[in-house]
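Colleague: I would like to go through this structure with you, one question at a time, before I plan anything at the bench. Could you take me through what the coordinates and the database record say?

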Amino acid sequence: MRLVFAGTPAVAVPSLRALASGPHEITAVLTRGDAPLGRKRVLTPSPVAQATEELGIPIIKADRLDAEATAAIAALDPDLGVIVAYGGLVREPLLSTPVHGWINLHFSLLPRWRGAAPVQRALIAGDTVTGASVFQLVAALDAGDVFAEERYEVPTGATSADVLDALAEIGAPLLARVVDGIADGTAVSAPQQGEPTLAPKLSLEDGLLDFTQDADTLLHRIAGVTPEPGAHTTLDGARFKVLRAVPTEAPPLPPGRVAASGRDVIVGTGTVPLRLETVQPAGKGAMAAGDWFRGLRTSEPVLGA
C-alpha cells in the first residue's frame, strides 16, 4: 500500500521506522514545522523530520492541515494515512482523502483518555494499567472503531516520559500489524466499549502541588507532569520545582513543612510525608534535595508559602 505518515515528537519515530522497514511504500511524511529550542531558540526540525531525512523519505512540513497540506497529500494518491502524535486534527476533506482513510496509534486503552495527553492524565489519575490502541480516525475526537490494543502495567515510580517511551516501542509493531491487515483485507475493527474519559493538553496549572492532599495523590501528579509542564509549588513566594519525590515512613509533618529525617529531606502532606530527592529552586539548576536543604538559611521552610 501507499502510505502517508503523520507525526512530530520522538514517540512517533519508532512507528515511522517500523513502517519504513515493512513492505509498504511511505510516499511522504507529514510533520510540524521547525520549532525554536533551547536558550538560543534555534530553529530545530522535529524528531520525526530528522528521522525522515535519515530514511530518505519525502517530507511535508505543515503546522496546520489546511487546503495546501490537503492538496499535497491528495497528489500522492495514498491508500492509507497513518498518524502518531502529529499535533493537529485531521478534518474533511483530508480525512477521506486516502482510500482507507486514516488510522491512529493512541497511547491509552480507548475510550479511556481520549485527547492530547492520555499518558499524563492516566498517571495523574493513578491508573496502574494503560496501553496503546490503533483505531480508525473519525471526525469525533478519538472515537473511531479499534483495530487492536495492547495493555501495559505502569511500573512503580514511572513518569509520563518513561511510560510514553515504553508505549512508543510497544505501539510500533502493533501499528505495523494493523497496516498489514488493512492491506491484505484481514483487519477487523470494533466499536469502543465503556464510558469515555477525556485527556486535554496539560497547562502549567496542572503541575501545581497542593500539600494538603494525600501523599499518593501528590506522587501521581508529580509522575504525570514530569517532565512537562513539571511539578511545582512556591517557596517564599518564588516557584520551586519538585523533580522527584518518593514514599517514606518518616514521622508526620504539617502539610508543606520541610525537615530533615536522618539523611533524608521530607515534606509533610495531608497524610504521610514524602521524601524529596531532586528539586529545583527558582533561578537555579536541578539539585539533590539534601544539597538544597543544607544551603538554606532557615531551618523550617514551608512549601506552598
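Colleague: Which residues does UniProt list for "binding site"?

Modeller: Bear in mind that this is a predicted model, and that the annotation comes from an unreviewed UniProt entry. Under "binding site", that entry lists S108, L109, L110 and P111.

Colleague: Where is S108 placed, and is S108 buried or exposed?

Modeller: S108 sits in the loop between β7 and α4. Leaving aside residues up to four places away in sequence, S108 touches W113, P118, T130, G131, A132 and S133. Buried means under 20% relative accessible area, and because the relative accessibility of S108 is 1%, S108 counts as buried.

Colleague: In which strand does H106 lie, and is H106 buried or exposed?

Modeller: H106 belongs to strand β7, and its contacts, not counting residues up to four places away in sequence, are W113, R114, G115, P118, G131, A132, S133, F135 and D142. Among the contacts of S108, too, are W113, P118, G131, A132 and S133. With the cut-off set at under 20%, the relative accessible area of H106, 5%, means that H106 is buried.

Colleague: Which domains does the domain assignment give, and how many residues of domain 1 are in contact with domain 2?

Modeller: The assignment divides the protein chain into domain 1 (2-199) and domain 2 (204-295), whose C-alpha centres lie 34 Å apart. UniProt, again in an unreviewed entry, places the feature "domain: Formyl transferase N-terminal" at residues 2-178, a span that is 29% helix and 27% strand, with its end C-alpha atoms 14 Å apart. On the side of domain 2 there are 9 residues in contact, and on the side of domain 1 the number is 10.

Colleague: Why does the largest pocket lie between the two domains, and which residues are the closest to its centre?

Modeller: The largest pocket holds about 1500 Å³ of space, and of the 44 residues that line it, five are named as the closest to its centre. It lies between domain 1 (2-199) and domain 2 (204-295) because both of them give residues to its lining. The closest residues to the centre of the largest pocket are P9, A85, Y86, G87 and A116.

Colleague: Which elements each supply at least two residues of the lining of the largest pocket, and how many residues of that lining are charged?

Modeller: The elements that each supply at least two residues are β3 (35-37), α2 (47-55), β7 (102-106), α4 (118-124) and α5 (160-184). By residue class, the lining of the largest pocket has 26 nonpolar and 12 polar residues, and the number of charged ones is 6.

Colleague: What lines the second largest pocket, and which elements give two or more residues to that lining?

Modeller: This pocket, with about 490 Å³ of space, is lined by 21 residues, of which T156, G157, A158, L219 and A223 lie nearest its centre. Two or more residues of its lining come from each of α6 (215-225) and β11 (238-247). Domain 1 (2-199) and domain 2 (204-295) both contribute to the lining, so the second largest pocket, too, lies between them. The lining divides into 11 nonpolar, 7 polar and 3 charged residues.

Colleague: Which residues of helix α1 are buried, and what covers them?

Modeller: Within helix α1 (residues 13-20), the buried residues are V13, P14, S15, L16 and L19. The elements that cover them include β1 (2-7), β2 (25-31), α2, β6 (80-84), β7 and α5.

How values were computed:
Residues numbered from 1 in each chain as written. Predicted model: local features only at pLDDT ≥ 70, side-chain atom pairs only at ≥ 80, totals over all residues. Heavy atoms only, no water. 1 Å grid on protein atoms, 1.4 Å probe; cavity = no way out; pocket = protein on both sides within 12 Å on 5 of 7 lines; lining within 4 Å. Points joined across faces, edges and corners; volume = space filled by probe spheres on them. Helix = DSSP H or I, 4+ residues; strand = E, 2+ residues; numbered from the N terminus. Nonpolar A, V, L, I, M, F, W, Y, C, P; charged D, E, K, R; others polar. Domains from an automatic or database assignment. UniProt positions renumbered as here; feature names shortened; annotations may be inferred. Buried < 20%, exposed > 50% of the residue type's maximum accessible area, 1.4 Å probe, protein only. Contact = heavy atoms within 4.5 Å.
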